[in-house]
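This report works through a single structure, taking backbone geometry and the surroundings of the ligand in turn. Please keep the sequence and the model in view while reading.

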Amino acid sequence: MNKVFKIIVFGILIGTSVHAVAQKFIPISQPLVSHIYTADPSAHVFNNKIYVYPSHDTANTTLENDNGDHFNMMDFHVLSMDSIGGKVTDNGIALDIKNIPWAGRQLWAPDAAYANNTYYLYFPVKDKKDIFHIGVATSKKPEGPFVAEPKPIKGSYSIDPCVFKDDDGTFYMYFGGIWGGQLQNWRSHEFDSSAKLCQPTQTAFLPRVAKLNKGMKQFVETPKELKVVDKNGNLFKEKDNDKRFFEASWMHKYKGKYYFSYSTGDSHLINYAIGDNPYGPFVYQGTVLNPVSGWTNHHSIVEIKHKWYLFYHDVQLSGKTHLRNVKVTELKYNEDGTIQTINAYK
Ligand code: FUB
């Protein structure tokens, strides 16, 4: 464990917030924009330009709780830039919750994809019964504005979609998140409002994956569990909360291998596991990003002009859990394909 990480963990143990501890250190990168609060950055390169699809955090009076009610977002803005370190453009409102016919509240972390001469924006939002599903909206331009489909994707549930295009052109959606993300309510393919979180010795909840159809607006299969296992092939237990999946799936491919990365939520890490195909199993490798200031940790990993980058967020601008700011830093691989762990503070 490096020094900064040890101190942050110590801070958590003695009850000091991650923010208060991390704030004493110098951030390795600065917010991409500071005129609005942004989080959960899903980055893509479209037409040689970098597009970042973040959540748009807004100030509200909702009290902070474990369900994440204080993350009460109302719209999306797409950010774009020609190069890393270059000028960042906020392209204005790309999709407003009031234009999503089935939406109730809380527009959470989105992702985007390009196919069929169309840009697709995927987003989780609670429906009018307060149940998260994943929706899709389309545009002819990567920055939108996007037009939402009248209903959520059939068979979708929970939060944090990541849409990954494999080399053969097939698209897969990875998704799910426990606690406020409601994955615990979907042990079967029906919502169970009485469902409970796992006990410490039970096998932890697993992320989900489903292949998308050619039209990009439906699954072609019932979502499957994605196995993340240790080096002996064992699934993690809930008590292994510094390793098990919590939310914020991301998939990328490096030298022919599939890298599934995710947030561990209440232990605040971005971890990763490697597999040989899009469905896994994925073997746990370690940590991509140590805890950042704020409670949540959420990321994307993208290749841009032969270098790899980690997009992430912290709360440098506000010091408040639900008012975050997106950032980017370079990500490096070791010769054996493992990822060099990033500390967001010096
Ligand atoms: O932004 C709301 C939620 O916080 C996201 O969906 C999670 O991944 C966490 O970052």
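## Cis peptide bonds before proline

In this predicted model, Pro145 is located in the loop that runs between strand S8 (132-139) and strand S9 (147-148), and the peptide bond leading from Gly144 into Pro145 is cis, with omega near 5°. Pro281 lies in the loop between strand S17 (270-275) and strand S18 (282-289), where the bond from Gly280 to Pro281 is likewise cis, its omega being near 5°. As general background, most peptide bonds are trans.

## Positive phi outside glycine

Two residues other than glycine call for attention to their phi angles. Asn117, placed in the loop between strand S6 (111-115) and strand S7 (118-127), has a positive phi near 55°. With a relative accessibility of 58%, Asn117 counts as exposed, because the cut-off for that class is over 50%.

Asp160 also has a positive phi, about 55°, although it is not a glycine, and its place is in the loop between S9 and strand S10 (162-165). Its relative accessible area is 4%, and Asp160 is therefore classed as buried, the limit being under 20%. The general expectation is that most residues other than glycine have a negative phi.

## The ligand and its shell

Asp160 also belongs to the residues around the ligand, which include Asp40, Trp108, Glu247, His298, His313 and Arg324 as well. The shell divides into 4 nonpolar, 4 polar and 4 charged residues, Met73, Ala109 and Ile159 being among its members. The space that the ligand takes is the second largest pocket.

Oxygen atoms of the ligand take part in several pairings with side chains: a polar side-chain atom of Asp160 lies 2.5 Å from a ligand oxygen, and an N or O atom in the side chain of Asp40 is 2.5 Å from an oxygen of the ligand. For Arg324, the distance between a side-chain N or O atom and a ligand oxygen is 2.7 Å. Taken alone the ligand exposes 270 Å², of which the protein buries 99%.

## A buried loop proline

Pro31 is situated in the loop between helix H2 (18-22) and strand S1 (37-46). Is this loop residue buried or exposed, given the relative accessible area of Pro31? At 17%, Pro31 falls under the 20% limit and so counts as buried. Between Pro31 and Pro54 the separation is 23 residues in sequence and 12 Å in space, taken from C-alpha to C-alpha.

Definitions and conventions: Residues are numbered from 1 along each chain as its sequence is written. This is a predicted model: local features need pLDDT of at least 70, side-chain atom pairs count only at pLDDT 80 or more; totals for chains, interfaces and linings use all residues. Side-chain values use heavy atoms; hydrogens and water are left out. A residue is near a molecule or strand if one of its heavy atoms lies within 4 Å of it. A polar contact is a pair of N or O atoms within 3.5 Å; within protein, one must be able to donate a hydrogen and the other to accept it, and residues adjacent in sequence count only if both atoms are side-chain atoms. Accessible areas come from the Shrake-Rupley method with a 1.4 Å probe; for residues, only the protein chains shown count as cover. On a 1 Å grid over the protein atoms alone, a cavity is a set of points where a 1.4 Å probe fits but cannot get out, and a pocket is an open set with protein on both sides within 12 Å along at least five of seven lines; lining residues have an atom within 4 Å of a point. A molecule sits in a cavity or pocket if more than half of its atoms lie within 2 Å of its grid points. Ala, Val, Leu, Ile, Met, Phe, Trp, Tyr, Cys and Pro count as nonpolar, Asp, Glu, Lys and Arg as charged, and the others, Gly among them, as polar. Helices (H or I, at least four residues) and strands (E, at least two) are DSSP runs, numbered from the N terminus. Buried means under 20% relative accessible area, exposed over 50%, partly exposed in between (1.4 Å probe, protein chains only).
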